[in-house]
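Thanks for asking me to look this over. Here are my notes on the ligand site and the empty spaces, set out point by point.

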Amino acid sequence: MSSILLVDDHAVLRAGLRLLLDAQPDLHVAGEAEDSRAAVAQAAALQPDLILLDLSLTNCSGLAAIPSLRTAAPQARILVLTMHDDEGYVRQALAAGAHGYVLKRAADAELIAAIRAVLRGELYIHPALTRQLLEELLPQMPPASPWESLSEREREVLVLVARGYTAAEIATRLNLSPKTVETYRTRGMEKLGLRSRAALVQFALDHNLLTST
Amino acid sequence: MNAGATKQHLSRWTSAVWNVIGAVNIRAKILGIVLGLVALMGVAATIEVRLLLEQTLTNQTYERSVAVARDVAARATDLVLMRDYYELFRLLRDTQANNPDLRYAFVIDSDGTIIAHTFGSGFPVGLRDANTVTAHEHHRSVLLTTDEGDVWDTAVPIFDGRAGIARVGLSLVAREQTIAAVTGQLLITTIMAAAMGITAAALLTWILTRPILQLVELAKAVANGDFSQRARRWANDEIGALTDAFNTMSEALAQVERERAEREQMRSQYVTQIITAQEEERKRIARELHDSTSQALTSLLVGLRSLADRHRSPELKQQVEDLRGIVGHVLNDLHTLARQLRPSVLDDLGLAAAIQRYVADCRTRSGLTIDLAMPGLNNERLDSALETALYRIVQEALTNVIRHAHATTASVVIERRTDRVRAIIEDDGCGFDPASLSGDGHLGLNGIRERAALLNGHLIIESAPGHGTTLYVEFPLPAPPEERYEQHSVGR
Ligand SMILES: Nc1ncnc2c1ncn2[C@@H]1O[C@H](COP(=O)(O)OP(=O)(O)OP(=O)(O)O)[C@@H](O)[C@H]1O
Ligand SMILES: [Mg+2]
C-alpha cells in the first residue's frame, strides 16, 4: 500500500482525486494540503511515498515548492499534476526534482498509470510533451560550412543581416543599392542552403559570426 | 530691336552690380557708402577751391601789377626827363623791396633803350619785346611763361609815351604755393572726415546689425525646435517692432508646442492605460478559466472516473465514458481559449517560452514553415510590459503573414543585446507598399507602431510588392545596474 499526499488548492478536485485513488487497492491518500507551506509540513510529518503536486497554488508556484518538499520527504516521489502543457514547465519541473508530469485533462485516463509508474521508480511524462524534450537530445548535424566559398561581399551582407540591420542600413553601410544587397543576400543564403532569416541567424550563432563588431 | 538690346544690356549690368552689392554684408555696404561720399565731397571741393583760388589770385596779381606799373610810371616821369638814372634805379629797387613778388621792373626810353632795370647782371634776351604799349593806351598786360613760373608783365606809357615805357613783372609763383598749401589742407580735412565717417558708420552698422544678428540666431533656434529663447529689444525703432513681433511669434509657437506635447502625453497615457487594462483583464479571465473553471471540470472528470470504476453496469459505464469525452473536450477548448487570451507561459516562464509556444501553434494552425531564432534571449526575463509588447507584436505580425502574405516561409528573430532588443518578423510572401498604408481600418501595423512608441521603441517596415515583408521593431533596454561590479564585491 503506497501513501499519497495531495497538494492542490482546489478542494473539490482534491475530494474527487481522493475518491478515485482510495478506490485503488494499492493506493491510499494519507493527507491533503492546499498550499506549499502546509504541503511541506504534511510531507515532513507523513513521509508519503508519493506527492501529487499542482503547479499553480494560491500563494506560490508549485515549482518553487519542489526543492523544499524533497528535503522534507527525501524518499517521496513527486508527480506534477497540472493544467500547463508547455514543455518549458516540464523542463523546469524535472530540473527542480520532479519524477513525473501529468496533465489534468488526462487525469482520469492516465493518472493511475502515471502514479504506478513513478512509484515503480520510472519517469513519467505526458506523451504529447516528450517529443520536444527528446528532439533537443538528438545530435544537431552541423552542415558542412561553405562559408568560405562565399564572396567577400556576400559574407559582409550576410553578417549584417544576421546582426539585425535593415536592408536600408546595410545599403548605406556598404555603399550599395538596396537591390544589390538583396541579390548578395539571396545568393549567399542559397549557397549556404538557408531558407530564412532565422535560419541565417542560427547559422551565424553556430559559427560565431555575431560576436565581434 | 535696338532699344530691346539696350534694355537687355542695361538689365545685365544692373544684375551684375546688384550681385556685387548684394554679396557683401551690411557693414561693408554702409562703410562703402560713407567712404564714397566723403571721397567724392573731398575731391569735388578740392577741384572747385583750386579753380576759384587760381582765378582770384591771377586777377589779384594782375590788378596789382597794373597798380605797381602805373605807380612806377608816375614817379619815374621827372627822373626820366631829368635823366637822373641813379634815382630812377633807386625807385625801381624801392618798389621791388616793397613788393616781394615783384619779379622785375625796368624803364625803356622813347628810343627803346633800357635805361634802368632790376636785373643785377644781364638783361634777359627777348624780355623787352615781350610786351609793349602805345602812347594813348592806359596799360597793357601780358601773362608771360618763364622758366621761373608765370609772370604778369604790365607796360604803362610814361608821360603819355613821350618819356618811354615802365614795365613791371609780378610773379605768380606764390599763387601755386598757396594753391598747393590749400589743397594739402583740404586733403587732410577730407581724410579726417573719412576717418570720422568710418567710425560713425561702424557704430551705426553695429547698432543696426546687432539686433538683426540676434534675430537670426533666434530664428535658427526656433527652426531647431527651441522656442524658449527671446530676443532683447534694443531700440524703439522698426527693428524693435520686428523683435517684438518675433518674440510674440516664439511665444505663440512655444504655447502651441506645449499644448501639443501635453496632448501627446495625455494620449499616450490613455493608450498605455487602455493596453495595460486590456492585458490585465485578459490575464484575469485567462487565470479564472485556467484555475477555477478548468479545475472544476477536472474534478468532474475525476468524479466520473470514480463513478465508472465503482459500478459494474456496462450501460452506465458507456454513458459515463461519453460524459468524460465531452468534459475533456470542453476542458481542451477552455485551455486553448485561455492561452489565446493571454498565455500563462508569458508570465510564468517568460518571452522565449511563450514565443516558442506561439510559433509552434502557428505552424500547426497554418501549415507555414516558421523558423525561430532568439539569440541572447535565454531564460532571462525582460520587463513584463516589454515582454507583453514583444509577444503581441510577434502575434500580430505572424497573423498578418498568415492572413495576407501567401508566404511559404516566415521567420521570427528576437535578438537581445545589452542595450536593446530587436524583433524581426520576415516572410517571403507577396509584400505590399508600406507607404500606401492608411491609418483607418488597419489596426494591426498601427497597433504595433503604437505599442512600440509607448516603450520608446520604433517600427521599421521594409516591403515591396513581390519582395516579401520584413518588420523590424526595436526597443532600447535600460542599462544593467552594474551587475558585474556587485558580483565582484560579493566575491563570487
Ligand atoms: N506580411 C504581409 N504581407 C503582405 N501584406 C501585408 C503584410 N502585413 C500587412 N500587409 C498589408 O498591410 C495591410 C495592413 O495590415 P494591418 O495589420 O495594419 O491591418 P489588417 O491586417 O488589414 O487589419 P487588422 O490587423 O486590423 O485586423 C494589410 O491589409 C495588408 O494588405
Ligand atoms: Mg493585421
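**Notes on the ligand site and the cavities**

1. A word before we start: this is a predicted model, so please read every value below as computed from it. I begin with the ligand, then turn to the pocket around it and finish with the enclosed spaces.

2. Let's take the polar contacts of ligand 1 one by one. An oxygen atom of the ligand lies 2.7 Å from a side-chain N or O atom of B:His404. The side chain of B:Glu396 also has an N or O atom facing a ligand oxygen, at 3.1 Å. With B:Leu445 the partner is a polar backbone atom, 2.8 Å from an oxygen atom of ligand 1. As for cover, ligand 1 taken alone exposes 600 Å², and the protein buries 82% of that.

3. Which residues come nearest to ligand 1? There are 17 residues around it, and the nearest are B:Asn400, B:His404, B:His442, B:Leu443 and B:Leu445. B:His404 and B:Leu445 are thus familiar from the contacts above, B:His404 through its side chain and B:Leu445 through its backbone.

4. Two helices of chain B, H9 (384-405) and H10 (443-454), each give at least two residues to this shell. H9(B) gives the most, with six residues. By class, the shell has seven nonpolar, seven polar and three charged residues.

5. Where does ligand 1 sit? Its place is the second largest pocket, which holds about 1,000 Å³ of space. That pocket is lined by 36 residues, and B:Glu396, B:Asn400, B:Leu443, B:Gly444 and B:Leu445 are the closest to its centre. You will recognise B:Glu396 from its side-chain contact with a ligand oxygen.

6. Several elements of chain B build the lining of this pocket: H5, H8 (351-366), H9, H10 and the strands S8 (420-427) and S10 (469-476) each supply at least two residues. H9(B) again has the largest share, here with 11 residues. The lining divides into 16 nonpolar, 12 polar and eight charged residues.

7. Now for the enclosed spaces. How many cavities of 30 Å³ or more are there? The count comes to two. The largest cavity holds about 120 Å³ of space, and the second largest about 50 Å³.

8. The largest cavity has 14 lining residues, with B:His290, B:Ala338, B:Arg342, B:Pro343 and B:Ser344 nearest its centre. Helices H5 (238-310), H6 (314-341) and H7 (344-348) of chain B each contribute at least two residues to this lining. H5(B) gives the most, with four. It is worth a look at the classes here: three lining residues are nonpolar, four polar and seven charged.

9. For the second largest cavity, please turn to chain A. Its lining is made of A:Leu6, A:Val7, A:Asp8, A:Arg14, A:Leu17, A:Leu52, A:Leu53, A:Asp54 and A:Leu81. Strand S1 (2-7), helix H1 (11-22) and strand S3 (50-53) of chain A are the elements that give two or more residues to it. In this lining six residues are nonpolar, none is polar and three are charged.

10. To pull the main threads together: H9(B) is the top contributor both to the shell around ligand 1 and to the lining of the second largest pocket. H5(B) gives the most to the lining of the largest cavity, and H5 of chain B also supplies at least two residues to the lining of the second largest pocket.

Terms used:
Residues are numbered from 1 along each chain as its sequence is written. Chains are lettered from A and ligands numbered from 1 in the order in which they are written. This is a predicted model: local features need pLDDT of at least 70, side-chain atom pairs count only at pLDDT 80 or more; totals for chains, interfaces and linings use all residues. Side-chain values use heavy atoms; hydrogens and water are left out. A residue is near a molecule or strand if one of its heavy atoms lies within 4 Å of it. A polar contact is a pair of N or O atoms within 3.5 Å; within protein, one must be able to donate a hydrogen and the other to accept it, and residues adjacent in sequence count only if both atoms are side-chain atoms. Accessible areas come from the Shrake-Rupley method with a 1.4 Å probe; for residues, only the protein chains shown count as cover. On a 1 Å grid over the protein atoms alone, a cavity is a set of points where a 1.4 Å probe fits but cannot get out, and a pocket is an open set with protein on both sides within 12 Å along at least five of seven lines; lining residues have an atom within 4 Å of a point. A molecule sits in a cavity or pocket if more than half of its atoms lie within 2 Å of its grid points. Ala, Val, Leu, Ile, Met, Phe, Trp, Tyr, Cys and Pro count as nonpolar, Asp, Glu, Lys and Arg as charged, and the others, Gly among them, as polar. Grid points are joined across faces, edges and corners, and a volume is the space filled by probe spheres set on the points.
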